[in-house]
Amino acid sequence: AGPVESKNEAAMSELVPEPRQKPVVPMKPMGINASLLGYIGIDTIIEQMRKKTMKTGFDFNIMVVGQSGLGKSTLVNTLFKSQVSRKSSGWNREEKIPKTVEIKAIGHVIEEGGVKMKLTVIDTPGFGDQINNENCWEPIEKYINEQYEKFLKEEVNIARKKRIPDTRVHCCLYFISPTGHSLRPLDLEFMKHLSKVVNIIPVIAKADTMTLEEKIEFKQRVRKELEVNGIEFYPQKEFDEDLEDKTENDKIRQESMPFAVVGSDKEYQVNGKRVLGRKTPWGIIEVENLTHCEFALLRDFVIRTHLQDLKEVTHNIHYETYRAKRLNDNGGLPPMTVETEENHESNL
């Protein structure tokens with residue numbers, strides 16, 4: 001029996017495989033979250049970027065739209081504290097600003113603290129002033145799309161410029177008349193059409209004509225009307241990148257929009273200080289005083305906190321939408337004109 005058992009055991013050992021050893025899990029590389037032994041200089045990347053952008057400068061294009069007499073040109077001058085809404089030659093601060101009669105883009109280079117910005121103000125004629133205002137937003141929409149087209153043509157050139165001139169409209173301030181009642185059907189139609197192609201920021205003009213209670217009630221009514229009509233103004237909810245952005249932008253959307261503002265080119269003496277304001281029989285309305293109006297909030301929003309984001313949303317959302325549609329409609333490239341054909345041949 002002994003030799004038979006030993007044979008069976010040998011046969012069983014051949015059938016049952018030996019248990020394999022577990023693979024050794026490699027250790028995490030020591031470099032991850034390792035503390036640096038000395039200073040390398042990674043943090044200078046920010047300074048390198050700052051120097052580079054300081055050399056090239058910045059572009060910002062702002063459009064103002066609204067009825068005649070709402071102070072569009074005056075507000076833009078107040079926003080940038082300089083005469084940017086008209087050519088400065090032969091026109092001084094004391095003269096009345098001439099009425100706008102056509103869509104006009106006026107460029108200026110303004111400098112503050114060594115930072116240069118090429119600012120373009122696109123002034124539109126009194127919007128909705130005609131007897132028949134049917135499709136009166138079309139010239140404005142056409143102008144915005146023409147700027148996208150210019151940029152697209154430069155992009156698809158074989159030998160394109162290192163830095164394409166940016167004439168695209170980054171921000172459109174839409175001026176609402178301070179009626180205290182509700183938005184006009186024309187206001188709703190305009191914003192419905194244009195919110196798809198440009199960043200719209202609604203503002204209530206000449207807010208000093210309303211009492212505090214009327215202003216709060218009117219702002220709430222405007223917000224509700226925009227929501228009911230599905231009109232999205234900047235900052236749009238779907239473009240919030242993270243929780244911090246969402247929290248900040250929700251506060252702006254629910255409390256500040258639309259900004260109730262007052263604009264003025266003129267300075268007055270108040271308590272020994274020179275302030276921009278409007279003189280009335282009962283006192284001076286200080287433009288930059290938050291207890292008088294929300295102009296300071298609008299300026300901070302457009303220039304100090306969201307200027308770069310306005311440019312990015314214009315490029316990544318509105319321009320990309322136009323570009324995709326344009327290239328799709330034309331089989332990949334915009335149609336060639338005689339001029340682009342000549343450029344194409346000379347590039348070859």
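Here is a friendly conversation between a biologist and a modeller about the structure above.

Biologist: What should I know about the model before we start?

Modeller: This is a predicted model, where local features need pLDDT of at least 70, side-chain atom pairs count only at pLDDT 80 or more, and totals for chains, interfaces and linings use all residues. Residues are numbered from 1 along each chain as its sequence is written, and side-chain values use heavy atoms, with hydrogens and water left out.

Biologist: Thanks! How many helices and strands does the chain have?

Modeller: The chain has ten helices and nine strands. Both are DSSP runs numbered from the N terminus, with helices being H or I of at least four residues and strands being E of at least two.

Biologist: What makes a residue buried or exposed?

Modeller: Buried means under 20% relative accessible area, exposed means over 50%, and partly exposed is in between, using a 1.4 Å probe and protein chains only. By that rule, 39% of the 348 residues of the chain count as buried.

Biologist: Could we try that on single residues? Why is A296 called buried?

Modeller: A296 has a relative accessible area of 10%, so A296 counts as buried. This residue is found in helix α8. Leaving aside neighbours within four places in sequence, A296 is in contact with V287, E288 and L290, where contact means heavy atoms within 4.5 Å. The C-alpha atoms of A296 and V261 are 8.6 Å apart, although 35 residues separate the two along the chain.

Biologist: And why is E267 called partly exposed?

Modeller: The relative accessible area of E267 is 41%, which lies between 20% and 50%, so E267 is partly exposed. E267 sits in strand β7. From C-alpha to C-alpha, E267 and R278 are 8.4 Å apart in space and eleven residues apart in sequence.

Biologist: What is notable about phi in K206 and N271?

Modeller: Phi is positive in a residue other than glycine in each case: near 45° for K206 and near 50° for N271. K206 belongs to the loop between β5 (200-204) and α6, and N271 to the loop between β7 (267-270) and β8. At 32% relative accessibility K206 counts as partly exposed, whereas N271, at 77%, is exposed.

Biologist: How do you know that helix α3 is mostly covered?

Modeller: Eight of the nine residues of α3 (residues 72-80) are buried. Among them are L75, V76, L79 and F80. The buried residues of α3 pack against β1 (58-65), β2 (104-112), β3 (115-123), β4 (171-176), β8 (273-280) and α8 (295-305). Just after α3, K81 takes a positive phi of about 50°.

Biologist: Now the helix pair. Why is α4 called roughly perpendicular to α9?

Modeller: Helix α4 (residues 138-156) and helix α9 (residues 307-329) pack at an angle of about 75°, with their axes 10 Å apart. Angles of 65 to 115 degrees count as roughly perpendicular, under 35 as roughly parallel, over 145 as roughly antiparallel and the rest as oblique, so α4 is roughly perpendicular to α9. The axes are lines fitted to C-alpha atoms, for helices over the stretch in contact, and angles run from 0 to 180 degrees between N-to-C directions.

Biologist: Which residues of α4 and α9 meet there?

Modeller: On the α4 side they are N145, Y148, E149, F151, L152 and E155, and they meet T314, H315, H318, Y319, Y322, R323, R326 and L327 in α9. By class, this contact has six nonpolar, four polar and four charged residues. N145 touches V197 and Y322, not counting residues up to four places away in sequence. N145 and Y322 are 177 residues apart along the chain, with their C-alpha atoms separated by 7.9 Å.

Biologist: What makes a set of residues a nonpolar core?

Modeller: Its members are buried Ala, Val, Leu, Ile, Met, Phe, Trp, Tyr and Cys residues joined through side-chain atoms within 4.5 Å. Of the 73 residues in the largest such core, F60, L173, F190, I201 and L298 touch the most other members. Residues touched by I201, beyond four places away in sequence, include L173, Y234, M257 and L298.

Biologist: Which peptide bonds are cis?

Modeller: The bond from Y234 to P235 is cis, with omega near 0°, and the bond from M257 to P258 is cis, with omega near -15°. P235 is found in the loop between α6 (212-228) and α7 (243-256), and P258 in the loop between α7 and β6 (259-260).

How values were computed:
Ala, Val, Leu, Ile, Met, Phe, Trp, Tyr, Cys and Pro count as nonpolar, Asp, Glu, Lys and Arg as charged, and the others, Gly among them, as polar.
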